[in-house]
Amino acid sequence: LTEESTTYDRLVHNGRIVTVNGDFDILDRGWVGITDGRIASVGQLAEGNLLPPALHTTDARDGIVMPGLVNTHTHLPMTLFRGLADDLPLQTWLQEHIFPAETRHINPETVEAGALLGCAEMLLGGTTTCCDGYFLEDVVAEAVQAAGLRGVLGQGVIDFPAPGVPDCSRNIDQALAYVARWQNADPLISPSIFCHSPYTCSAETLQNAKRAADRHGLLFQIHAAETRDECDRIQAEQGVTVIRYLDRLGLLDHNTLLVHGVWMDEEEMELIARRGSRLSHNPQSNMKLAAGIAPIPQAIAAGITVGLGTDGCASNNNLDLFEEMDAAAKLHKVRHLDPTVMDAATVLRMATIEGARAIGLNGEVGSLEVGKQADLIILDGRRASLVPIYNPVSHIVYAAHGGHVRDVVVGGRLLVCEGRLMDMDLEGIMARVNRIADAIRSGKNGP
Ligand SMILES: [Zn+2]
């Protein structure tokens, strides 16, 4: 597809290109040509040849050029609660710390500040697409739009009063109003509906939310089979396990993203694979809340599409997908006492192309291929902890962290250059969040 006469809008060159395409090609001294926000060409500089012409060039300086990471599970405004409560069981953490803090402090202003901080953190750490779910998602979507990120953004649905939804009998109506505003409003933003869980939403709410999502062709998201406690509860109330319960309600199909899936048996995994539902794996959140170890190698073997996610900041406690890749690889190795389990390439695919597939965007992002959106990042090759580079995929999973990300391009737009945000006032955002944290702190210790 390379033509002598082509002048690209931007040319990223002099990098080790990790394409994550079907053949998993890695190109040394490679370049990526970008035109109209899309990848127009991926090539390799032969000895003595000149680079193709471009309006803007970015020299990767022998660093690693790779697809922007896809975070399949976030609650962006929860950056506000980073480190607020740790070392607690999920239900104590949720009921005694997170839900009360949300009730007291979550409003459009705080959601905006927290979401902007989340966007800044993700961009600086190389994440270019996120799949989010929260309340006041309208405000989250505005923040994601302002940051220039790509997002599948779900309005939260839960059967008790929530921020922005004081009357929970109207939770689906409000989700639909949100969808009406954002569907086809911005090419980078896809609205979605997020049911909190099988234990906080009734069967009727779950089915109505799924029907509403289907009517508009949207991704339906739900936390499912996260803890043993949840499984015992559903088993006691419904007489079946969580995944079977969701299937009985007709919730499992290719437009459903199950988040966590820690407690699933072989038959349930086969069921999920047959229905085509996707899975978001959040190893660090599962480890921190001691939820358990999701059977991910088995899920992949069963044919389930699995993406990687950080979960909200309060249970991680950051949005760094490089750390998440490292944790995912090691957790399953030690679980199976087998270092060949979850090899680096598998984990990288989960954080890129498989994550994109899990949220329905694999035709657009997740690999560096001609015709796809130009969502790419550069890892700085001149950092002490990334030298030498024998195998860039090894570095991506086992040596790199978000702080090694040098440049970030989303849809052809350069959003991070030399480690700095181009279009966001990070100082201003951090000051806003610190003021909110002062209020949360005083509320927590107040009368
Ligand atoms: Zn979550």
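Partly exposed residues are those whose relative accessible area lies between the buried limit of under 20% and the exposed limit of over 50%. The exercises below concern a predicted model.

**Exercise 1.** Classify Asp438 and its salt-bridge partner Arg441 by exposure, and state where the pair lies.

*Solution.* Asp438 has a relative accessible area of 44%, so this residue is partly exposed. Arg441, with a value of 47%, is likewise partly exposed. The closest N and O atoms of the two side chains are 2.7 Å apart, and both residues belong to helix α15 (residues 426-445), where they are three residues apart, about one turn of the helix.

**Exercise 2.** Determine which residues donate to the zinc ion and how its site is classed.

*Solution.* The protein donors are His73 (NE2), His75 (NE2), His223 (NE2) and Asp311 (OD), at 2.0 to 2.2 Å from the zinc ion. A tetrahedral site would need all angles between 85 and 135 degrees, whereas the angles among these four donor atoms run from 90 to 169°, and the site is irregular. Of the donors, His75 sits in the loop between β6 (69-74) and α1 (90-105) and Asp311 in the loop between β13 (306-308) and α11 (321-336), 236 residues apart. Both His75 and Asp311 are buried.

**Exercise 3.** Work out which parts of the chain the salt bridge between Lys210 and Asp253 ties together.

*Solution.* The closest N and O atoms of Lys210 and Asp253 are 2.8 Å apart. Lys210 lies in helix α5 (residues 203-215) and Asp253 in the loop between α7 (242-248) and β11 (256-260), so the bridge ties together parts 43 residues apart in sequence. Lys210 counts as buried because its relative accessibility is 2%.

Definitions and conventions: Residues are numbered from 1 along each chain as its sequence is written. This is a predicted model: local features need pLDDT of at least 70, side-chain atom pairs count only at pLDDT 80 or more; totals for chains, interfaces and linings use all residues. Side-chain values use heavy atoms; hydrogens and water are left out. Donors are N, O and S atoms within 2.8 Å of the metal (3.2 Å for Na, K and Ca); water is not among the atoms, so sites may look incomplete. Four donors count as tetrahedral if all angles lie between 85 and 135 degrees; four count as square planar and six as octahedral if opposite donors are over 155 degrees apart and all others between 65 and 115; anything else is irregular. Helices (H or I, at least four residues) and strands (E, at least two) are DSSP runs, numbered from the N terminus. Buried means under 20% relative accessible area, exposed over 50%, partly exposed in between (1.4 Å probe, protein chains only). A salt bridge is a side-chain nitrogen of Lys or Arg within 4 Å of a carboxyl oxygen of Asp or Glu.
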